[in-house]
Amino acid sequence: MKRLYDGGLHGSTEPWWIEEAGREQPTAPLEGAVEADVAIVGGGLVGLWTAHAVLEQKPEARVVVLEAAQCGDGASARNGGFLHGYWSSLRRLVELVGPEDALQVARSAEGIVAAVRALGEDVWLEDEGMLLVSTSAGQDASVREAVAVAEQLGVPDEAVLVPQAEVPLRSPVFRDAVRFRDGATVQPARLVRAVRNAAVRTGAHLYERSPVVEIENGRLKTQSGSVKAEEIVVATNAWASRWRPTASRLAAARSAIVLTDPVPDLAARIGWEGREAVMDGRRYLSYFRTTNDGRVLMGSATGSMARAEETLRTMFPALSDVAVSHRWWGMIDISSDRFPFYGTIPRSRVHFGAGFTGNGVGPSWLGGQLLAALALRQEVRSPLVRRHVPRLPPEPLRSLGTVLVGRALLALDEAENADRRPPRLATFVAGVPQRIGLRIASR
């Protein structure tokens, strides 16, 4: 099990979040040989929450966390800072695991906001809910289906219809929306720092600048040291797409973000006084929010910063004179069914969690709970652990298919937004993954 780390998966620029929060002094890298009850590969949110959860349950455990760069240098601090679980994904969860298990998963992820508050640090937590907004006739079904599924499962308060006239931010392209109670925003770099501090405070031994190059026979090897561990947890996000035990069910992709200068009169221009997290209903969704100092963030699942800025200008022409001050992109791991999966490599004590698919800030807490339970040899009955996750095609078909299907999905989105008939070839190509049991698009 080699090559866990490759710096090439980092984004091209540092996110504004880290600039705002300031960098922590990195810990010393691992030197020499140490022993651990639990060794965790990856100092992002999943790895840090796992360390914290293990030590909360077993304070006497020796927990070692190995981070290749600095905590938060991967996806954990490059994202949009949306903090939510799975109520917004209820329809897709029902399709994947059935109604009963879907409700179990959604309820199990609800503890994230309370867990963040319990950290006791200022992470810019805004617990105002989340909106899914339709921006074209083709997206209207996403709104209706989210409301209908919540009603059918007896949880109507989790997805409430918001008529166009009542959407709390103004845009010429907005139609009806659905409000999810389960939705908040945070400053993700501050959140990483808070979870890092909590893990260290409870007893975790953190070694940054310590990339793991090999796992073999209960031992982790870094460039200058090693850890002999009873239990090993691998939580490396996009890097897991290059690790043999998880690679067949993961693909790596880009997500891109642009951020404006502060807009002191934002409420007068477009409303948005509630500061809700918002996403649209495209297949390659756009996601947007405000910051504590009045900036507007626009992210695009296409991975294109140019598309993110174009969407910003199209959705909010009232901000046409506001400059974009920061741009960045980063890699995410996309699972073959668009939900994270967890497990243990057969005949080993090596556990893993992967496939957060661009929605990892909130579910990272649940992931930490599940991985801690696996490492502590507890019974884990979550569908996220026990379900079958389909394999992706082998290379080079995987890369070729990713490009072709991605272009087809973009063509369908563009046709919907322009209110024109979608290209027949794009419709056919975009449907290929679903016909072979894979789920690529966000809806």
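## Overall build

Buried residues, meaning those under 20% relative accessible area with a 1.4 Å probe and protein chains only (exposed is over 50%, partly exposed in between), make up 59% of the 443 residues in the protein. This is a predicted model, in which local features need pLDDT of at least 70 and side-chain atom pairs count only at pLDDT 80 or more, while totals for chains, interfaces and linings use all residues. Residues are numbered from 1 along each chain as its sequence is written, and side-chain values use heavy atoms, with hydrogens and water left out.

The protein has 14 helices and 18 strands, where helices (H or I, at least four residues) and strands (E, at least two) are DSSP runs numbered from the N terminus. Because a compact globule of 443 residues would have a radius of gyration near 22 Å, the 21 Å of the protein agrees with that expectation; the radius is taken over C-alpha atoms, and the globule rule is 2.2 Å times the number of residues to the power 0.38. Along the principal axes, the C-alpha atoms fill a box of roughly 60 × 50 × 40 Å.

## Contacts, surface and charge

Where contact means heavy atoms within 4.5 Å, 76% of the contacts between residues at least 6 apart in sequence join residues at least 24 apart. The protein exposes about 18,200 Å², of which carbon and sulfur atoms supply 50%; accessible areas come from the Shrake-Rupley method with a 1.4 Å probe, and for residues only the protein chains shown count as cover.

There are 52 positive and 51 negative side chains, and the centres of the two sets lie 7 Å apart. In this count Lys and Arg are positive and Asp and Glu negative, with His and the chain ends not counted, and the place of a charge is taken as NZ of Lys, CZ of Arg, CG of Asp or CD of Glu.

## Helix 7 and strand 2

Two buried residues belong to helix 7, which spans residues 188–201. Pro188, in this helix, has a relative accessible area of 0% and is therefore buried; its C-alpha atom is separated by 5.2 Å from that of Gly81, although the two are 107 residues apart along the chain. Leaving aside neighbours within four places in sequence, Pro188 is in contact with Trp17, Ser76, Ala77, Asn79 and Gly81. Val195, also placed in helix 7, is likewise buried at 0%, and its C-alpha atom is 8.3 Å from that of Val116, 79 residues apart along the chain. Beyond residues up to four places away in sequence, Val195 touches Leu45, Leu48, Trp49 and Leu119.

Val65 lies in strand 2 (residues 63–66) and is buried, with a relative accessible area of 1%. Val65 and Val41 are 24 residues apart in sequence and 6.1 Å apart in space, C-alpha to C-alpha. Outside its neighbours within four places in sequence, the contacts of Val65 include Ile40, Gly42 and Gly43, as well as His205, Leu206 and Tyr207.

## Buried loop positions

Thr135 sits in the loop between strand 4 (130–133) and helix 6 (140–152) and is buried, with a relative accessible area of 12%. Its side chain is joined to that of Gln139 by a polar contact of 2.9 Å, a polar contact being a pair of N or O atoms within 3.5 Å, where within protein one must be able to donate a hydrogen and the other to accept it, and residues adjacent in sequence count only if both atoms are side-chain atoms. With neighbours within four places in sequence set aside, Thr135 is in contact with Val173, Phe174, Arg175, Asp280, Met315 and Asn417.

Ser248, found in the loop between helix 8 (244–247) and strand 12 (250–260), counts as buried at 15% relative accessibility. Leaving aside its neighbours within four places in sequence, Ser248 is in contact with Arg391, Leu392 and Arg398.

## Backbone exceptions

Most residues other than glycine have a negative phi, and most peptide bonds are trans. The peptide bond from Glu395 to Pro396 is cis, with omega near 5°, and Pro396 is placed in the loop between helix 12 (383–386) and helix 13 (397–417).

Trp272, in the loop between helix 9 (266–270) and strand 13 (277–280), has a positive phi near 70° and is buried at 2% relative accessibility. Thr357, in the loop between strand 18 (350–354) and helix 11 (363–375), has a positive phi near 55°, and this residue is buried as well, with a relative accessible area of 9%.
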